[in-house]
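Please load the model in a viewer with a cartoon representation and keep the selection tool at hand. The tour proceeds by short selections.

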Amino acid sequence: MNTSETPADLVAAEDVLLFVNAAITATGQREFRSDAVGQQLSLDFLHAYVRVNYRRVYASSLALDINDHNAVRIVLGLLETSGEASAEERRTEGRLIAARLALLPPQRVYRLFGEVRRAGINNRRTRAIMRDWLAARPDLGHDAVKYRGGVKTAARHIHLRCPEGAEPLAEVGAFLFRPGRLPRYEHRLLDAWRRAHYEQGAVAELPFTVAEGFAARHGMKREVFLKRAAPRMTRLERLRTHSVTQRPEIDLTVMPLTRLALYVLSLPFEQRAARRTELTGALRTAARRAAGGHAGSWGRVHAVLDDSFSSSGSGQKRRRPLAVALACHHLLEALAAPGAYRGLWTSGRGDALLVRPWGPTPLGMRVLDALEPGPGGAAPDRLVIVSDGWDNAPAGLAGEVLRVWRKRLDPGRRTAVVHVNPVYDADGFDVRRLAAGVPTAGIRDAEDLPALVEIARFAEGRTGAAELHAYLDRRVALFLGEKETVS
């Protein structure tokens, strides 16, 4: 750590890490130990505090692996308070906002545009950002059918010009604002929407979420409708309807790792056991893809993985903490050197595919086991703990074990220890930590683990605000540079 840094610098660094952890994990939804109202109030305070006191960092967070919920809140906050920023800050913020919007799911962006309109944010910069995003959409006609209300709101807010005639934009304008004026549309989906009101065969041509409403209106049987709509379903739509159609053609190997883990945990134990080869192979394939160039580079890795009852999550985030742990288990296996990984579940189970949320959280006992030397008498190069941090069997043992280990047995830090926590603690405005000397980072998707380990080192107290700001500047430059290359 830079000894020239003042206590204020250190406090600033802690505040930044606090916000980054919240922006990664918190979604304003109910967690196992806190309700949605508490989560939302906690997030409201953090966003306002960081935006007012560290606006540059607040904007830079858009370049990090934060979740979509907080990315949208940051964009709205920056647009709402543009008068508080300098001209240079507004230019940088505009580029960051445009780059982040390009990565967000379109439905989230259209909801954001609705919030912008309700908040009365109508300055020139905001209209330019919205206009550029709409202009970059690959098929605005598709959006007009699937997100009709969102497109209509955005077009009104920026006064989008939709001329008369046969141009694509003119058809979209007629579809949104003058329905029924044209006898037919040149755009395939716009005309399918028109015909679907009276022609059952046109229903299957529409996006799945739109077609569902028309299918119900026509009284179509669910099984028949799903069979016809299958070719136009997205991957997630296929997953959601898989239990109804029982169609085996879903390619699990192309799914993102954490999403795949959620799907695996949604299956009954009998199905998991019967499909063991398929599911395990898919998880390992997704893990190798997520590891990328880091595969096999982490040496000897031991992991403590939380499958206690609290990993069941909540009604809104069902089994999310356990899914993150399962995904991290396979990702860490891919990151470790061949044959040098050992995963320990808090329940003591040895079969990762059949894990379930059960029992207390004896993190201390499992940390003791994980710190035991592996084959050849060598300690692990890395110890990764994936848990919500509620060490309760007995309480506080994990933190004490790690303190003694670091102070007495490993003062040279031969073993790197990191705790990643998938649950936001609304009361503490952060993710719950095991011990002061253990670097902790929030995590939402296991795929972000390598980047989060880098962020976690700033929480260890050996680096200060200067290093943290330099890291943020590098991430912003990389984020904007990649976006410019793509465009």
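The stops below cover a sheet, its connections, a cavity and some backbone details.

The coordinates come from a predicted model. Begin by selecting the strands of the open sheet, which has 5 strands in the order E2-E1-E3-E4-E7 with parallel pairing. Strand E2 (341–345) and strand E7 (440–442) stand at the edges; each has a single partner strand, so one side of each is left without a neighbour in the sheet. On average, neighbouring strands of this sheet are turned by 20 degrees against each other, direction ignored.

Next, select residues 301–305, which form strand E1. E1 pairs with E2 in the parallel sense over 5 bridges, and Ala-303 can be found opposite Gly-343 in E2. Adding helix H19 (residues 320–335) to this selection displays a right-handed β-α-β unit made of E1, H19 and E2.

Within the loop that lies between E1 and H19, select Arg-319. Although Arg-319 is not a glycine, its phi is positive, at about 60 degrees. Most residues other than glycine have a negative phi, and most peptide bonds are trans.

Now select residues 382–386 and 416–421, strands E3 and E4, which run parallel and are joined by 5 bridges. Arg-382 stands opposite Ala-416 in E4. Helix H22 (residues 449–456) may be added here: H22 packs on the sheet and touches E3, E4 and E7. The direction of H22 makes about 135 degrees with that of E7.

Two loops deserve a selection at this point. In the loop between E3 and helix H21 (397–409) is Pro-394; the peptide bond from Ala-393 to Pro-394 is cis, with omega near -5 degrees. In the loop between H21 and E4, select Arg-413, which has a positive phi of about 55 degrees although it is not a glycine.

The last stop concerns internal space. How many cavities of 30 Å³ or more are counted? The count comes to 3. For the second largest, with a volume of about 40 Å³, select the lining residues: Asp-306, Ser-311, Pro-321, Ala-325, Val-386, Ser-387, Asp-388 and Pro-422. Colouring them by class gives 4 nonpolar, 2 polar and 2 charged residues.

Conventions. Residues numbered from 1 in each chain as written. Predicted model: local features only at pLDDT ≥ 70, side-chain atom pairs only at ≥ 80, totals over all residues. Heavy atoms only, no water. Pairing = 2+ DSSP bridges. Helix = DSSP H or I, 4+ residues; strand = E, 2+ residues; numbered from the N terminus. Axes fitted to C-alpha atoms, helices over the stretch in contact; angles between N-to-C directions. Contact = heavy atoms within 4.5 Å. Right-handed = clockwise from strand over helix to strand, strands pointing away. 1 Å grid on protein atoms, 1.4 Å probe; cavity = no way out; pocket = protein on both sides within 12 Å on 5 of 7 lines; lining within 4 Å. Points joined across faces, edges and corners; volume = space filled by probe spheres on them. Nonpolar A, V, L, I, M, F, W, Y, C, P; charged D, E, K, R; others polar.
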